[in-house]
Amino acid sequence: MKRVYITTPIYYVNDDPHIGHAHTTIMGDILKRILKMRGVQVFYTTGVDEHGQKNQASAHESGFSVNNYLDQKATVFKSVFEKLNISFDFFVRTSREGHKNYVKQVLDELFSNKLIYKKYYEGLYCLGCEQFKKTSDLDENGLCPDHKKEPEIQKEVNYFLKISEYQSWLINCIKKNKTLIQPTVYQKEVLAMLNEPLDDWCISRPKSRVTLGIDFPFDSNFVTYVWFDALLNYISNLKLNFEGESEFNNYWANLIHLGGKDIIKTHCIYWLIMLKILDLNLPKSIQIHGHWVGKGGIKMSKSLGNVIDPLKLQQRIGTDAIRFFLSSKMTNKDSRINPSLIKSCYENDLANNIGNLLYRACKFTLKNFGDKVPEPGDLIEREKILHLFLEKILKVNISQPSLKISYELANSILIIGNKLNKYFNDAAPWKLIKGKNKEKEVKTVLYTVLDGVKVLFELAYPIIPNTANEVLEIIGANRIPDRIINHNIQVGKLKPGSKILSPKIIFPKLV
Ligand code: MSP
């Protein structure tokens, strides 16, 4: 069975999870479910990044012991992701001994290969990003564009990893492998970053400034820089979960990283060079999405006070509606999120489009033909055109999983919903039924709509799994099981005579 390994960034625990964190982790779940329906075995990881200066500051502010703080925050992130019906296989915590030992082992190896050296350094540090910044990284006011804060000057002795010599290798690599960084806008951004000289990478922090981190194995005055440690989770996760090289290699061969545009430098520059140094293959792709922005086009963050809490939103619109909003409305660039956009997606796309379709098709069938899927008669032009249209959508090739696929899937669902609603309206079975000898034709229309609903919700399963399975049960089709299946979605496969249940309003009016 084919193996795919999907990862999300691991999130800092200085914050409670907001809709931006939920976004990437939901996208990974959607991809996993798409692949699972294609018979692929996916190992999907998400989790928390528990080291570094800003986590340390939040732990101290909380008044709890650091370990207690980390445990609490990891529990919060994990439970929010579970509540959002995210089927991750491993919840990453960088405080695990296994991970820490792996990081130390890598540092030792690099040090003995003379790839790490010590030097005095002065630089501008953005605590929000946990990164040194060049002036070219800052906006016109000298502020970090993501955190809207002026970076602080840090002057200290640190350890550096020799990465500058890999700059031209990386440029060639990205230029040759056009699908490595997706979408292309970010590949271009990375190449633009690489137009400037690449400095060696500062991978330690003095304990006088940061204590929450992995001890440097060869110098007890330092901890490992949080990004160096965190990126290595992508390797240690496999090592901690699979014994032996063979499973590691199977998953590593099909590795897909997901993340927001804020982490392109770390993932598409530092991480790729780390892999080269460690003699590991590069990922199949790094899939980047834009940011959800609140009022004034500003990226959500705790410090700016403009976050959307996924659990509050869940209470209002339910898990599946959140998952649908995020997958259908995120673009490559910054995407707006606010209560009125969410409401309009819920009402127009979900309740009035696909929810209403299910309701009226089932109600009409139950009223006129009892609780069985009607046997269709001959298809006329109208049905044949609809079938061709559905078959075309079903042909979408997903051999290379990408974030674009989940966006396109969500939007195909809306297109199918509109098309089926239009077909139903145009065929107007409530008028047809009044005519003489029209029963067969009405049954054909109802069968076609119910079968279309089956196709629609089977397609929608990865995005709205609970609702999709509820609907499939209502129209007498099989639920999509939790296990890996090789499920070919096909038109015309709903069995006539299957029992239809009384429909429920799957997306009830918002109060
Ligand atoms: N700890 C690092 C990542 C280390 S990965 C080895 C980090 N953490 S973070 O908590 O800041 O999370 C950043 C990630 O959260 C983004 O890359 C993105 O996946 C997600 N998002 C955070 N805010 C977001 C939005 N406003 N919109 C969309 N996604 C965003 O960086």
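**Exercise 1. Place Ile463 in the predicted model and decide whether it is buried or exposed.**

Step 1. Ile463 sits in the loop between helix H17 (439-460) and helix H18 (465-474). The model is predicted.

Step 2. Take the relative accessible area of Ile463, which is 0%. Buried means under 20%. Ile463 is therefore buried.

Step 3. List what surrounds Ile463. Leaving out residues up to four places away in sequence, Ile463 touches Ile30, Asp320, Arg323, Phe324, Ser327, Ser406, Leu409, Ala410 and Ile413.

Step 4. Pick one of these, Ser406. The C-alpha atoms of Ile463 and Ser406 are 7.8 Å apart, while 57 residues separate the two along the chain.

**Exercise 2. Compare the expected span of H15 with the distance between its end C-alpha atoms.**

Step 1. H15 has 25 residues. The expected span is 1.5 Å times one less than the number of residues. For H15 that gives 36 Å.

Step 2. The end C-alpha atoms of H15 are 36 Å apart, so the two values agree.

**Exercise 3. Classify the packing of H14 on H15 from the angle between them.**

Step 1. Two packed helices are described by the angle between their axes and the distance between the axes.

Step 2. Helix H14 (residues 381-394) and helix H15 (residues 403-427) have axes 11 Å apart, at an angle of about 175°. Angles over 145 degrees count as roughly antiparallel, so H14 is roughly antiparallel to H15.

Step 3. Name the contact residues. H14 contributes Arg382, Glu383, Leu386, Phe389, Leu390 and Ile393. Across from them, H15 contributes Ser412, Ile415, Ile416, Lys419, Leu420, Tyr423 and Ala427.

Step 4. Sort them by class. The contact of H14 with H15 holds 9 nonpolar, 1 polar and 3 charged residues.

**Exercise 4. Do the same for H1 and H15, starting from their crossing angle.**

Step 1. Helix H1 (residues 19-36) and H15 cross at roughly 80°, and their axes come within 10 Å. The range 65 to 115 degrees counts as roughly perpendicular, so H1 is roughly perpendicular to H15.

Step 2. From H1 come Met27, Ile30 and Ile34. They meet Leu403, Ile405, Ser406 and Leu409 in H15.

Step 3. The classes are 6 nonpolar, 1 polar and no charged residues.

Step 4. Link back to Ile463. Among the residues that Ile463 touches are Ile30, Ser406 and Leu409. These three also take part in the contact of H1 with H15.

**Exercise 5. Describe the setting of Ser402 and follow one of its contacts.**

Step 1. Ser402 belongs to the loop between H14 and H15. Its relative accessible area is 7%, so Ser402 is buried.

Step 2. Beyond its neighbours within four places in sequence, Ser402 is in contact with Leu31, Gln182 and Gln287.

Step 3. Follow Gln182. The peptide bond from Gln182 to Pro183 is cis, with omega near -5°. Pro183 lies in the loop between strand S7 (181-182) and helix H6 (184-193).

**Exercise 6. Lys114 and Ala428 both have a positive phi. Determine which is buried and which is exposed.**

Step 1. Most residues other than glycine have a negative phi, and most peptide bonds are trans.

Step 2. Lys114 has phi of about 65°. Lys114 lies in the loop between helix H4 (97-112) and strand S4 (116-126). Its relative accessibility is 64%, so Lys114 is exposed.

Step 3. Ala428 comes just after H15, with phi of about 40°. Its loop runs between H15 and helix H16 (429-432). At 7% relative accessibility, Ala428 is buried.

Note on methods. Residues are numbered from 1 along each chain as its sequence is written. This is a predicted model: local features need pLDDT of at least 70, side-chain atom pairs count only at pLDDT 80 or more; totals for chains, interfaces and linings use all residues. Side-chain values use heavy atoms; hydrogens and water are left out. Axes are lines fitted to C-alpha atoms, for helices over the stretch in contact, and angles run from 0 to 180 degrees between N-to-C directions. Helices (H or I, at least four residues) and strands (E, at least two) are DSSP runs, numbered from the N terminus. Angles under 35 degrees count as roughly parallel, over 145 as roughly antiparallel, 65 to 115 as roughly perpendicular and the rest as oblique. Contact means heavy atoms within 4.5 Å. Ala, Val, Leu, Ile, Met, Phe, Trp, Tyr, Cys and Pro count as nonpolar, Asp, Glu, Lys and Arg as charged, and the others, Gly among them, as polar. Buried means under 20% relative accessible area, exposed over 50%, partly exposed in between (1.4 Å probe, protein chains only).
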